[in-house]
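Q: Please take a close look at the salt bridges of this model, and then explain how the parts they join fit into their surroundings.

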Amino acid sequence: MDIKHFIKAKLQDYFKSRLKLQVNTFKNNFDSDSFENVALLFPVRGKNDMDLLRNVVRKAKQDSLKITVVVFSFTIDMPDLITDRNLYIFNADSFNYKWQPNDDLKQWLEKRKFDLLINFDFNGLFELKNLHNLINAGFKIANQSESLHNYCDLTINIDENKINWEAFYTLAIRNLKMLKIKKNDTRNRSSNSNTLQQERGNR
């Protein structure tokens with residue numbers, strides 16, 4: 001590492017614990033009936049994480065979702081990297097010393113809007129929280145972490161020692177389906193109530 005990168009890395013470490021991220025509220029009137037454009041956000045440190053990531057992507061494709069995989073890499077080497085035009089890898093070099101996106105990442109963010117973002121970071125890492133916050137998505141799901149409460153539409157309480165990324169994906173989709181059922185039930189009750197009022201008014 002040259003002196004320039006060394007100083008930048010030290011400054012990034014300094015600001016990690018001092019920066020207060022602005023809450024970006026990207027609201028697109030999310031409809032759980034019709035989400036299909038989904039971003040999956042992962043922290044990756046090596047081959048084992050890439051293997052776990054593949055399992056989630058395989059499962060998501062079985063659900064007929066249009067998937068974009070977003071990786072924050074903590075390693076220089078990405079072993080056995082899957083070749084996929086919908087896989088995007090960012091790291092600390094994608095940001096300046098105050099963790100603002102560089103031009104390439106900024107353009108990438110501006111061009112993309114997702115129906116749904118699922119964050120697979122279970123540890124509340126600043127790097128993932130920052131990227132999670134910058135991604136434009138109509139609905140955001142993450143682990144139930146205090147550091148992410150203000151940045152999510154839905155958080156799921158899990159024991160990270162007993163659950164893997166594939167299981168978390170299944171929980172996220174299951175919770176979305178439950179929201180859909182609850183929403184449809186509310187619509188039906190409202191419709192039945194209006195019908196009953198009309199019938200009473202006609203008597």
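**Salt bridges and their setting**

A: The count comes to 4 salt bridges, where a salt bridge is a side-chain nitrogen of Lys or Arg within 4 Å of a carboxyl oxygen of Asp or Glu. The model is predicted, so local features need pLDDT of at least 70 and side-chain atom pairs count only at pLDDT 80 or more, whereas totals for chains, interfaces and linings use all residues. Residues are numbered from 1 along each chain as its sequence is written, and side-chain values use heavy atoms, with hydrogens and water left out.

One of these salt bridges joins Lys16 and Glu127, whose closest N and O atoms are 2.8 Å apart. Because Lys16 lies in helix H1 and Glu127 in helix H4, the pair ties together parts that are 111 residues apart in sequence; helices here are DSSP runs (H or I, at least four residues), as are strands (E, at least two), numbered from the N terminus. Asp13 is linked with Lys16 and Glu127 in a network of salt bridges. Glu127 is buried, with a relative accessible area of 7%, while Lys16, at 26% relative accessibility, counts as partly exposed; the terms mean under 20% relative accessible area for buried, over 50% for exposed and in between for partly exposed (1.4 Å probe, protein chains only).

The burial of Glu127 is shared by its helix, for 9 of the 9 residues of H4 are buried, so H4 is largely enclosed by the rest of the structure. Among these buried residues are Lys129, Asn130, His132 and Asn133. Helix H4 (residues 126-134) lies across strands S1, S2, S3, S4 and S5 and runs at about 165° to S1, the axes being lines fitted to C-alpha atoms, for helices over the stretch in contact, and the angles running from 0 to 180 degrees between N-to-C directions.

The sheet beneath this description is an open one of 6 strands in the order S3-S2-S1-S4-S5-S6, with parallel pairing; two strands pair if DSSP finds at least two bridges between them. Strand S3 (87-90) and strand S6 (154-156) stand at the edges with a single partner strand each, so one side of each is left without a neighbour in the sheet.

At the other end of the H4 salt bridge, helix H1 (residues 3-16) also holds Gln12, which is buried at a relative accessible area of 5%. A polar atom of the Gln12 side chain lies 3.1 Å from the backbone oxygen of Ala92. Leaving aside neighbours within four places in sequence, Gln12 is in contact (heavy atoms within 4.5 Å) with Ala92, Phe95, Asn96, Tyr97 and Trp99.

Further salt bridges centre on Asp51, whose side chain meets that of Lys47 (3.0 Å, N to O) and that of Arg54 (2.8 Å, N to O). Asp51 and Lys47 both lie in helix H2 (residues 47-62), 4 residues apart, about one turn of the helix. Asp51 and Arg54, being 3 residues apart in helix H2, are likewise separated by about one helical turn. Asp51 is partly exposed, with a relative accessible area of 28%, and Lys47, at 42% relative accessibility, also counts as partly exposed.

Technical notes
Polar contact = N/O pair within 3.5 Å; in protein donor to acceptor, adjacent residues only side chain to side chain.
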